[in-house]
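Take the sequence and the model together and follow the side chains from one group to the next. The account below starts with the rings and ends with the cysteines.

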Amino acid sequence: MSKTTTTTPQHHGVIVVGGGQAGLSVSHYLQQRRIDHLVIEKSQPMHSWRTQRWDAFCLVTPNWQCKLPGWEYQGNDPHGFMKKDEILAYLEGFKQHVNAPLMEGVAVKRVAPRRQGGFEVSTSAGEFTADQVVVASGGYHQPIIPRMAERLPPDVVQIHSEQYRNPQALPEGAVLVVGCGQSGAQIAEDLHLGGRKVFLATGNAPRCARFYRGKDVVDWLADMGYYEKSVNEHPLREGVRDNTNHYVTGRDGGRDIDLRKFASEGMELFGLLKGLDGEVLQFEGDLADNLDHADRIYNGINASIDQFIAASGIEAPPGEVYKPLWQPTEERLSLDLRAAGITSIVWCIGFQPDFSWLDAPVFNGKGHPGHVRGVTAVPGLYFIGLPWLHTWGSGRFSGVARDALFLAQQIEARRPEAAARAEKPEEMSLLS
């Protein structure tokens with residue numbers, strides 16, 4: 001009769017799922033508190049910065065906003081914008097600085113609460129248990145590509161923004177960029193500057209100025225306290241988490257991205273892509289509205305800066321209102337792929353979350369977790385690194401440290417020994 005053996009799962013006080021800047025930031029503060037934990041990363045720490053960014057990628061926020069815990073920007077260009085290789089060096093330094101207890105190349109397959117408390121964590125390297133779990137895998141998991149893409153001619157190369165590298169990597173011919181958010185606008189610019197014929201399908205993405213009245217707009221907004229505002233203080237409340245990022249660039253020292261300027265230089269702009277009939281693309285007739293909307297946001301942000309300057313009595317160069325450089329003379333509602341010479345399409349319409357591995361009742365109808373500052377309704381389960389988790393900087397280098405510290409404090413308060421002290425304060429005081 002054969003004997004069956006069972007292996008006791010390895011246990012940790014905390015398991016952090018994801019080894020990006022958010023997960024490592026949590027590890028930094030857990031180590032300070034000497035809390036046993038393990039960080040599990042399915043690839044390599046910060047791998048998306050290496051594998052999902054184009055060659056000319058750079059930060060759109062100034063370097064001084066790089067404030068990872070214990071690893072703030074120390075270079076000689078605080079108001080510049082780090083390029084891809086500089087970002088990777090900064091993050092590698094952070095990884096070495098934290099020196100987290102890390103398992104690389106291990107995929108988390110399932111996390112579920114246990115009846116007796118804590119969590120089961122199934123991975124490609126075996127079974128684990130944990131008292132508490134922090135989900136630090138971000139919210140950009142599955143590239144969004146519409147089903148109409150399946151009906152496009154097979155010889156038209158299609159890639160998502162995360163796969164784009166440079167103009168030379170695409171076949172000769174014109175390129176259609178779909179989406180004008182932060183990635184779409186910058187990739188369209190990269191192709192345009194690379195001498196490619198670009199067709200851009202726009203949406204209602206907002207834009208902002210790079211510099212205004214003598215300073216970077218980010219500096220003005222910081223002075224105005226915008227980056228300290230919590231999601232509960234924002235007029236949109238949790239709805240702000242669904243907002244598209246403003247398009248602007250840090251390229252070549254930083255500048256505005258003006259789609260109207262590109263159009264005046266030969267880029268062809270369209271409204272929202274809505275369908276495909278054979279080899280003919282179909283668009284909404286909303287190009288003018290999309291451009292006007294972006295400009296209203298642009299001028300609105302500048303107007304709020306004007307008000308702040310006036311109220312604070314600050315001396316600054318005079319302000320101005322942006323006036324359109326170009327106007328569409330007509331709304332083109334269709335485009336023949338062959339006649340336009342389009343040989344490739346770059347889809348820049350974002351990502352959707354995939355938390356299918358997390359078996360816990362914390363999600364809304366769109367697959368997004370419900371939480372208050374990263375703390376969910378399931379005791380001991382947390383999220384970090386999501387847009388507007390708490391403030392504008394929550395999903396960026398500028399605000400993740402504050403979120404990580406807050407979660408570390410919540411985790412410490414829930415540790416068994418802390419709970420025991422809370423339940424028996426008089427007994428503990430007699431023993432102290």
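Trp49, Trp54, Phe57, Tyr90 and Phe397 are joined by ring pairs into a cluster. In total, the structure has 15 aromatic pairs. The model is predicted, with an average pLDDT of 92 for the protein, and 94% of the residues score at least 70.

Phe397 leads from the aromatic cluster to the nonpolar interior. The largest nonpolar core has 84 residues, and Phe397 is one of those with the most contacts inside it, along with Val133, Val134, Leu259, Leu358, Leu381 and Ile384. Helix α9, which spans residues 400–414, contributes the most to this core, giving seven residues. Another core lies apart from the largest one. This other core has 19 residues, including Ala201, Phe270, Phe283 and Leu337.

Val133 shows how parts of the chain that lie apart in sequence meet. Setting aside neighbours within four places in sequence, Val133 touches Ile15, Val17, Val111, Phe119 and Val121. Val133 is also in contact with Gly380, Leu381 and Tyr382. Of these partners, Leu381 is itself listed among the residues with the most contacts inside the largest core.

Rings also take part in contacts with charged side chains. The charged end of Arg373 sits over the ring of Phe406, at 4.1 Å from its centre. Lys197 lies over the face of Phe199, and here the distance to the ring centre is 5.3 Å.

The cysteines remain. How many disulfides does the structure hold? It holds zero. A disulfide is a covalent bond between the sulfur atoms of two cysteines. For Cys58, the nearest cysteine sulfur is that of Cys66, 12 Å away, and Cys58 is in no disulfide. Cys58 is buried, because its relative accessible area is 5%, and the cut-off for buried is under 20%. Why does the sulfur of Cys208 make no bond with the closest cysteine sulfur, in Cys180? The two sulfurs are 13 Å apart, which is too far for a bond. Cys208 also counts as buried, at 12% relative accessibility.

Two stretches call for caution in reading the model. Over residues 1–6 the pLDDT stays under 50, and the model has zero contacts for them beyond four places in sequence. Residues 425–432 also have a pLDDT below 50. Beyond near neighbours in sequence, the stretch 425–432 has one contact in the model.

Notes: Residues are numbered from 1 along each chain as its sequence is written. This is a predicted model: local features need pLDDT of at least 70, side-chain atom pairs count only at pLDDT 80 or more; totals for chains, interfaces and linings use all residues. Side-chain values use heavy atoms; hydrogens and water are left out. pLDDT is the predictor's confidence in each residue, from 0 to 100. Contact means heavy atoms within 4.5 Å. A disulfide is a pair of cysteine sulfur atoms within 2.5 Å. Buried means under 20% relative accessible area, exposed over 50%, partly exposed in between (1.4 Å probe, protein chains only). Rings of Phe, Tyr and Trp (its six-membered ring) pair if their centres lie within 6.5 Å; planes under 30 degrees apart count as stacked, over 60 as edge-to-face and the rest as tilted. A charge sits over a ring if NZ of Lys or CZ of Arg is within 6 Å of the ring centre and within 35 degrees of the ring normal. A nonpolar core is a set of buried Ala, Val, Leu, Ile, Met, Phe, Trp, Tyr and Cys residues joined through side-chain atoms within 4.5 Å. Helices (H or I, at least four residues) and strands (E, at least two) are DSSP runs, numbered from the N terminus.
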